[in-house]
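The following exercises concern strand pairing, helix packing and nonpolar cores. Each task is followed by a stepwise solution.

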Amino acid sequence: MHIQLFEAATILRCIIMAKQNLVSPTSQLLTDLIQRGQVFRASQSATDGHSSAHCQANKLSSASRQHIATGFAGLDHALGGGLALGKLHEFQRPADFYGDSQLVQAAVAYANSAPVFWLNPPAQPFVPGLQHAAEHYVLDQLSDEEIKWASSQIISNLGHGVVLLWHPQPDVQTVRSWQRAMQQAPEALVLVFSGLMPQEARAYHTRVRVRLHAATSASSSIAFDVLKRPGGWPVSLDAEKLAVHR
Amino acid sequence: MNAHELRGTWLYLEFHQLQLQHWMQQRPNCEQPLLIVCSDRNKVVQANPSARALGIHPGLALSDAWLLADALDYAYWQPEVEQRLLQQLAERLYTAFADLSLDTEANGLWVQLTTQQRLHAQQQTVADKVSKLLVDTEYRASFSSNPLLAKLGIDDRAEALLQACQGYPLRVCGLADDLHHKLSSMGLDTIDKLLQIPVPILGKKLGQPIVDFILQLKGQLKPRLLIYQPRELIYLHRQLHAEVHVWSGLRFVAKSLLQDLEQHLRQSQQAVTRIYLVLFNRDFQGNPAQMPYKSNAFATFPLGVECVEIGFARAVYRLADTYSVLQLKLENRRFKAPIVDIGLYVEQTEAFTAQPMRLDQSKAGEHQLATLLNRLQSRLGADKVQTIHQHTGWLPELQQSLQPVSDQDIGLSTAHDSTQSYLDWRPPWLLSPKPIDIRGWRIQGQPQRIQPPWWLPDQSGAADRDYLIAQDKVGRWGWVYFQHDAKAQASPQQDPGQWFLHGWLS
């Protein structure tokens with residue numbers, strides 16, 4: 001994260017002052033930082049009534065949350081079993097079709113005949129090539145405004161199902177609208193496929209950057225930089241073989 | 001006349017210039033000669049009074065009509081338009097007469113009056129009612145004791161059939177040409193002469209058609225009539241108390257209309273997949289209460305009418321379902337002029353049936369999905385919310401298509417056939433075939449050949465395709481094929497075919 005030294009020092013000072021009850025959580029300084037997406041608001045623990053850090057809350061709940069395996073062993077391990085349901089996951093790729101297919105196949109497998117919404121897919125999903133049954137709904141050629149509205153509607157009304165969303169550069173407001181909608185969709189799996197994004201904060205549960213290793217051998221391999229994950233530091237994973245089903 | 005005299009009476013209404021009249025109604029102050037011309041023979045079939053005044057009559061060649069009038073305008077005769085207009089006239093008459101039959105060959109309508117005796121006591125009241133309903137339409141009305149005589153305009157109720165038919169020419173009775181020719185050669189040119197010959201003799205000489213004709217004249221054989229079946233039309237209308245400029249001013253009235261619609265649909269156990277909101281602004285000159293008669297002509301709605309079509313992915317009847325979609329459709333709409341009247345029109349309804357419960361998804365969930373799809377289609381447009389339909393086709397691009405979501409699609413999952421062999425393997429992404437330079441790709445594995453089916457003719461241009469998976473320069477896996485040239489397959493070494501990228505699998 002590109003938090004400048006000055007800002008890092010400010011955050012640290014805030015934490016110390018908050019501990020000593022010298023600053024209110026609603027002070028201007030904190031509000032500015034929260035609005036810039038550089039600090040997450042602490043959440044209330046349901047069990048003991050004390051406030052706890054956001055990442056801690058995630059860590060506690062992730063154990064009981066269902067995860068969907070991506071098929072990439074290293075990535076699944078780093079994410080505590082795979083992609084958590086009811087959470088927002090971002091995959092940044094330098095171009096389309098950088099590991100999209102395997103992630104899409106895993107998502108469709110989770111759908112298990114439930115609805116799968118494809119929003120602005122880079123090509124036509126080809127049912128004979130998808131390995132599992134699902135109800136497919138394709139929303140194509142949506143403008144940025146339309147995709148923001150439609151995706152929020154779908155996520156918050158979907159219930160059990162999958163949303164696969166391609167957006168080259170979703171802005172902070174768009175991601176926040178998705179995140180708000182996700183609060184009403186505990187059983188939905190939502191994957192956002194974006195381009196390479198600047199590393200400023202977004203309200204994603206996990207953020208993964210995909211790297212494709214140069215195709216020097218017959219089978220190419222793929223590597224992931226996990227930029228954000230629940231209960232862990234960012235990590236670069238070793239390259240994994242890209243599965244090509246034939 | 002009393003009510004008793006209408007028993008067994010048929011009324012025939014003939015509309016001989018339907019298409020022309022419809023055209024003239026769109027050009028109310030036009031003094032120009034207007035013609036409807038038959039396209040294959042270029043002969044006039046309908047002419048307006050201005051044209052008739054210049055001597056242009058049906059049957060005249062269009063080239064001759066041009067000699068008689070410099071500034072005439074003409075349109076080609078379209079039977080389907082006349083059929084549609086005839087249906088609309090039947091819809092109007094159905095509000096007063098329940099027993100209607102369509103004569104699609106001659107653009108006419110039969111009205112059986114026996115069943116209407118209690119409603120319309122006298123012939124004059126029937127005639128008045130018809131003229132009121134067909135106020136802007138030219139027609140010829142004739143009463144008689146059976147359908148054929150009514151169509152021919154022969155009234156035999158006050159006198160014997162033979163006297164009533166005296167001197168009526170057979171050539172205008174719609175008989176087949178060869179039959180008419182045979183009758184003429186026998187010296188039979190009028191109906192009364194024909195009726196004086198014993199039927200068995202005529203039947204022996206001329207066959208069954210002439211027997212049927214005579215029996216129909218005598219009312220002993222009823223012709224096959226095409227009974228008019230009304231469409232499920234619903235039209236609700238409200239007059240606004242003030243001019244409304246924005247959608248917020250219409251909300252209350254629209255809600256009230258939809259409430260009425262829900263009540264109507266609930267009572268009849270029906271549901272709708274499409275409704276039309278008809279908005280009348282102050283430029284509209286007609287009577288908004290009569291708009292359903294123009295239902296089939298939305299494309300040619302008169303000045304001052306805006307029609308908003310609202311489609312639903314699933315048949316609905318509840319206000320909660322319809323209003324939310326209507327709201328989405330209209331909240332950003334700008335009206336061309338202030339609205340003074342509003343109508344709600346439903347062209348077709350369908351029986352409301354409970355959907356079967358699915359094991360993996362509750363009915364409530366499915367209803368929620370349908371509501372969601374309705375909302376998406378209303379805001380984004382039906383064409384932007386699509387589902388995948390699978391087909392049987394020899395080429396991958398023919399094996400599926402994207403189509404707007406409809407009621408039948410909801411709850412249907414699609415999947416590949418898991419029993420298919422590795423030879424039928426397909427990638428998860430499909431592109432429109434895109435020409436590529438294969439030198440930038442690293443081919444892997446063995447090709448899979450897809451050949452045109454044997455029943456396709458050689459002239460179809462279909463050629464063999466060899467599909468392979470290949471890696472591009474950055475390591476992504478594509479599904480590529482070599483399209484052989486259909487003419488060069490005999491000598492593969494000189495095949496000038498082309499490589500295409502057709503899908504992705506990474």
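**Exercise 1.** In this predicted model, identify the residue of β6(B) that is the bridge partner of Asp103(B), and then describe the surroundings of strand β5 of chain B.

*Solution.* Step 1: in β6(B), Asp103(B) has Gly108(B) as its bridge partner. Step 2: β5(B) and strand β6 (residues 108-112) of chain B run antiparallel and are joined by 4 bridges. Step 3: 4 residues lie between the strands of this hairpin, and Asn107(B) takes a positive phi near 50°. Step 4: strand β8 (residues 226-227) of chain B also pairs with β5(B), in the antiparallel sense, over 2 bridges; here Leu226(B) is the bridge partner of Leu102(B). Step 5: β5(B) (residues 100-103) is covered on both faces, with Leu100(B) and Leu102(B) buried on one side and Ser101(B) and Asp103(B) buried on the other.

**Exercise 2.** Determine which residues of helix α5 of chain B are buried and which elements they pack against.

*Solution.* Step 1: within α5(B) (residues 123-133), the residues Gln123(B), Val126(B), Val130(B) and Leu133(B) are buried. Step 2: these residues lie on the same side of α5(B), because they cover an arc of only 95° around the axis. Step 3: the buried residues of α5(B) pack against β1 (10-14), α4 (79-94) and β7 (140-144) of chain B.

**Exercise 3.** State how many residues the largest nonpolar core has, and which helix gives the most to this core.

*Solution.* Step 1: the largest nonpolar core has 61 residues; Leu75(A), Phe91(A) and Trp118(A) are among those with the most contacts inside it. Step 2: helix α5 (residues 100-111) of chain A gives the most, with 6 residues. Step 3: another core, of 35 residues, lies apart from this one and includes Leu139(A) and Leu372(B).

Methods:
Residues numbered from 1 in each chain as written. Chains lettered and ligands numbered in written order. Predicted model: local features only at pLDDT ≥ 70, side-chain atom pairs only at ≥ 80, totals over all residues. Heavy atoms only, no water. Core = buried A, V, L, I, M, F, W, Y, C linked by side-chain atoms within 4.5 Å. Buried < 20%, exposed > 50% of the residue type's maximum accessible area, 1.4 Å probe, protein only. Arc of directions from axis to C-beta. Contact = heavy atoms within 4.5 Å. Pairing = 2+ DSSP bridges.
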